[in-house]
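Here's a walk through the model you have open. Keep the 3D view handy as you read.

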Amino acid sequence: MSNTINVKDVPYFIKVSGCNNCQVFKSYTSLTGTEYGEDHALHAKCVHMSCDRYAHNILAPFITPKEYLRIGLNTGLRRQAIDKAKKVIARFNEFYDECGGLKTWVAEAIADVSVEGK
């Protein structure tokens, strides 16, 4: 994949390393006291940030491939975690390497945006 991709093309949930780092998700869990629920007011923000376009939202939060593997190792669900991580890597292969880490150009692009935003 070329390094010429616009930073805006990196999905928001990848930029923030999953829903657990998203301010919308944090606001939702703070308001409701739970990570999951129905008919919440913040779901529209998930659509606005384009997370919903990829079928990841507050009700179906995005977890990075490495996080799936970490959870799998800690819970004894290793096979399921590996399968889920492989699906995420296959679907978003332009952003992740085979081990579930961000590709160098993605990490650099995100770091550049973070520095510019300060």
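## What counts as a core

A nonpolar core here is a set of buried Ala, Val, Leu, Ile, Met, Phe, Trp, Tyr and Cys residues joined through side-chain atoms within 4.5 Å. Bear in mind that this is a predicted model.

With that in hand, look at the largest nonpolar core, which has 24 residues. The members that touch the most other members are I14, F62, F92, F95 and Y96. Four elements give two or more residues to this core: α1 (12–15), α2 (23–32), α5 (78–91) and α6 (104–117).

## The overall layout and how far to trust it

The protein chain has six helices and zero strands, so to speak an α-α-α-α-α-α pattern when you read along the sequence. Of its 118 residues, 32% are buried. Take the contacts in the chain with a separation of 6 or more: 47% of them come from residues 24 or more positions apart.

As for confidence, the mean pLDDT of the protein chain is 84, with 83% of residues at 70 or more. Confidence peaks in α1, at a mean of 94, and is lowest in α6, at 77.

## F92 and H56

Start with F92, one of the core residues with the most contacts to other members. Leaving aside residues up to four places away in sequence, F92 touches F13, I14, Y54, H56 and F62.

H56, one of those partners of F92, is found in the loop between α3 (43–48) and α4 (65–75). Is H56 buried or exposed? H56 counts as buried, because its relative accessibility is 14% and the cut-off for buried is under 20%. With residues up to four places away in sequence again left out, H56 touches F13, C51, P61, F62, R91 and F92. F13 and F62 turn up in the contacts of H56 and also in those of F92.

## N57, next door

N57 is found in the loop between α3 and α4 too. N57 has a relative accessible area of 11%, so it is buried. The N57 contacts, not counting residues up to four places away in sequence, are C19, H43, C46 and D52.

What lies 2.8 Å from a polar atom of the N57 side chain? That would be the backbone nitrogen of L59.

## α5: one face in, one face out

α5 has 14 residues and spans 20 Å from its first C-alpha to its last, close to the 20 Å expected at 1.5 Å a residue. Its buried residues are A81, A85, V88 and I89. Why do they line one face of the helix? Seen down the axis of α5, the buried residues fall within an arc of 95 degrees, so they line one face.

The buried residues of α5 pack against α4. Over on the other side of α5, you'll find R79, K86, K87 and A90 exposed.

## α2, done the same way

In α2, the buried residues are V24, F25 and Y28. Looking down the axis of α2, these buried residues fall within an arc of 100 degrees, so they line one face of the helix. They pack against α3, while Q23 and S30 are exposed on the other side of α2.

Just after α2 comes G33, which takes a positive phi of about 80 degrees.

## Positive phi outside glycine

Two further residues deserve a click. S17 lies in the loop between α1 and α2, and its phi is near 60 degrees, a positive value in a residue other than glycine. At 36% relative accessibility, S17 counts as partly exposed.

A55 sits in the loop between α3 and α4. Phi of A55 is near 65 degrees, again positive in a residue other than glycine. With a relative accessible area of 47%, A55 is partly exposed.

Conventions
Residues numbered from 1 in each chain as written. Heavy atoms only, no water. Buried < 20%, exposed > 50% of the residue type's maximum accessible area, 1.4 Å probe, protein only. Contact = heavy atoms within 4.5 Å. Polar contact = N/O pair within 3.5 Å; in protein donor to acceptor, adjacent residues only side chain to side chain. pLDDT = per-residue confidence, 0-100. Expected span 1.5 Å × (residues − 1). Arc of directions from axis to C-beta.
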